[in-house]
Amino acid sequence: MTDITFPKDFLWGAATASYQVEGYPLADGAGISNWHHFCHQPGRISNDHNGDIGPAQYYLYKEDVQLMKWLGLKAYRFSISWSRIFPDGESKPNHKGMDYYNRLIDQLLTNGIHPWVTMFHWDLPQALEDKYGGWRSRDTVKAFGDYVAYVTSKISDRVGNYFTVNEITCFTVLGYGNGIFAPGLKLDKKTVNQTVHHGCLAHGIASQAIRANALRPVKIGLAENMKAVVPLIADDESIEAARKAFRWYSSSRLTPMHEAAYPEEWLEEQEFDAPDFTDDDMKIIATPNDFIGINIYNPTYVRADTSSSKGFAEVPLQEGHPCMNMPWLYVDPSITYWAPRLLNEIWGVNDVYITENGCAALDRLEHDGKVYDTGRLMYLRNHFIAASKAISEGWPLKGYFVWSLMDNFEWASGFDKRFGIIYVNYQTLKRTPKVSAEFYRKVILDNRVL
Ligand code: BGC
């Protein structure tokens with residue numbers, strides 16, 4: 001077995017999102033976001049938790065940056081809360097909101113950590129939901145472009161890397177389709193497809209807005225949670241089936257972004273529920289990316305199937321398949337190998353970052369002050385090994401952001417699920433690096449896994 005190492009410039013990072021870690025969502029003149037609004041409706045979130053305080057990174061960011069420095073992180077991926085910058089989503093900017101992110105960025109840079117900024121990680125100004133119907137409307141896409149342009153003009157002297165949006169299906173399908181996320185609606189399929197289309201359009205518009213307003217050369221992509229397809233058996237037929245499946249499952253997002261069109265067969269399958277779109281929309285959606293960020297947690301297995309017009313069949317996960325402490329978090333580390341490879345093979349993508357990977361675990365603070373999160377340690381170690389294999393074979397994986405830097409508000413699950421490599425006591429706000437953080441630190445320091 002050869003050494004499991006990483007290239008010198010491999011970007012080791014950690015990720016969070018504004019509503020999940022900042023707390024104090026209304027501080028300093030910020031407006032109400034859709035998630036704030038949603039969480040304050042009884043029964044929406046497990047135990048009626050909300051992000052009002054959370055880990056309070058809004059006030060404790062300096063301490064958190066010191067922890068990042070101790071970890072040896074090269075980059076921190078965080079998101080900007082739109083309603084802190086434009087309390088009503090558009091019109092008048094709130095300078096105090098911008099000041100917070102400027103302070104955070106400066107603190108990171110002073111400590112040698114690159115800020116990687118996500119422009120939208122699900123917290124939409126509630127005013128845009130009320131006024132336009134949120135992502136149902138093109139007006140929200142337009143407002144997003146304006147907000148992104150403004151933020152870029154304020155931070156691009158120091159920030160070089162941007163994600164436009166995070167996980168389009170989560171803020172559209174889960175928000176407007178099955179209602180488990182904000183705004184909590186259960187609408188018809190055509191409307192939901194339209195929100196997804198607007199999510200893609202928002203990505204394209206934001207890319208153009210960032211490029212047009214950047215004060216120096218920047219790199220832009222998105223953070224996408226396509227299905228992490230794994231060929232059931234790594235024979236030629238399964239691998240070809242995996243390529244077909246990956247492209248097919250991405251029909252409404254990554255495929256049009258790379259091919260400037262929705263696949264014909266996909267449009268036919270949607271019938272009258274297909275989204276409305278113009279030729280110009282498709283050109284905007286296909287605005288070239290500098291990189292693709294992928295949030296990958298769990299596998300989707302496929303095999304070749306000549307009886308299907310799609311050329312593949314999905315193989316359901318069987319009862320007893322290893323699963324972490326989240327109902328959907330089934331494990332197969334080979335996703336970190338296959339996703340960069342398939343992206344390269346299908347569309348020639350040359351820069352891939354794993355922008356989220358990690359797991360929830362039943363973490364407990366022990367009497368000796370430690371959190372022995374052996375499950376997470378096992379999960380991370382094996383994903384790193386598969387990542388190193390991908391790189392050693394020449395697939396274009398350039399960096400890895402663990403989800404998450406610290407325990408945080410896990411959306412509909414509230415604080416019940418802990419994804420951090422740093423433990424947060426929500427009563428005292430004390431941070432304690434878990435054993436997985438010690439492990440990650442060692443991996444970064446040595447740039448290898450032993
Ligand atoms: C999201 C994160 C979330 C994580 C774990 C991703 O879908 O981007 O915000 O906390 O998965 O569920």
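So, the shell around the ligand: its residues split into six nonpolar, four polar and three charged. Before I go on, keep in mind that we're looking at a predicted model.

How many residues surround the ligand? There are 13, and the closest are Gln20, Glu167, Glu356, Glu410 and Trp411. If you have the structure open, those five names are a good place to begin.

Okay, let's go through some of the contacts. Glutamate 356 puts a polar side-chain atom 2.7 Å from an oxygen atom of the ligand. Then there's glutamate 410, where a polar side-chain atom lies 2.6 Å from a ligand oxygen. And right after it in the numbering comes tryptophan 411, with a polar side-chain atom 2.8 Å from an oxygen atom of the ligand. How much of the ligand does the protein cover? On its own the ligand has 310 Å² of accessible area, and the protein covers 94% of that. As for where the ligand sits, the space it takes is the largest pocket.

Right, let's leave the ligand and turn to some strands. Take β9, which is residues 299-304. Which strands does β9 pair with? One is β7, residues 228-231: four bridges join the two, and they run parallel. To pick out one pair there, alanine 228 has proline 299 in β9 as its bridge partner. The other one I want to show you is β10, residues 312-315, and here the four bridges to β9 join strands that run antiparallel. An example from that pairing is arginine 303, whose bridge partner in β10 is alanine 313. So β9 is parallel with β7 and antiparallel with β10.

Last topic, the backbone, and a few spots to click on. Where would you look for cis peptide bonds? One runs from alanine 182 to proline 183, with omega near 5°. Proline 183 is in the loop between α8, residues 168-177, and α9, residues 189-213. Another cis bond goes from tryptophan 403 to serine 404, and there omega is near 15°. Serine 404 also belongs to a loop, the one between β12 (397-403) and β13 (422-424).

And then there's asparagine 47. Its phi is near 60°, so to speak on the positive side, and this is a residue other than glycine. You'll find asparagine 47 in the loop that lies between α2, residues 34-39, and α3, residues 57-71.

That's what I had, thanks for listening.

Key. Residues numbered from 1 in each chain as written. Predicted model: local features only at pLDDT ≥ 70, side-chain atom pairs only at ≥ 80, totals over all residues. Heavy atoms only, no water. Pairing = 2+ DSSP bridges. Near = heavy atom within 4 Å. Polar contact = N/O pair within 3.5 Å; in protein donor to acceptor, adjacent residues only side chain to side chain. Areas by Shrake-Rupley, 256 points an atom, 1.4 Å probe, with all protein chains shown as cover. 1 Å grid on protein atoms, 1.4 Å probe; cavity = no way out; pocket = protein on both sides within 12 Å on 5 of 7 lines; lining within 4 Å. Sits in = over half its atoms within 2 Å of the grid points. Nonpolar A, V, L, I, M, F, W, Y, C, P; charged D, E, K, R; others polar.
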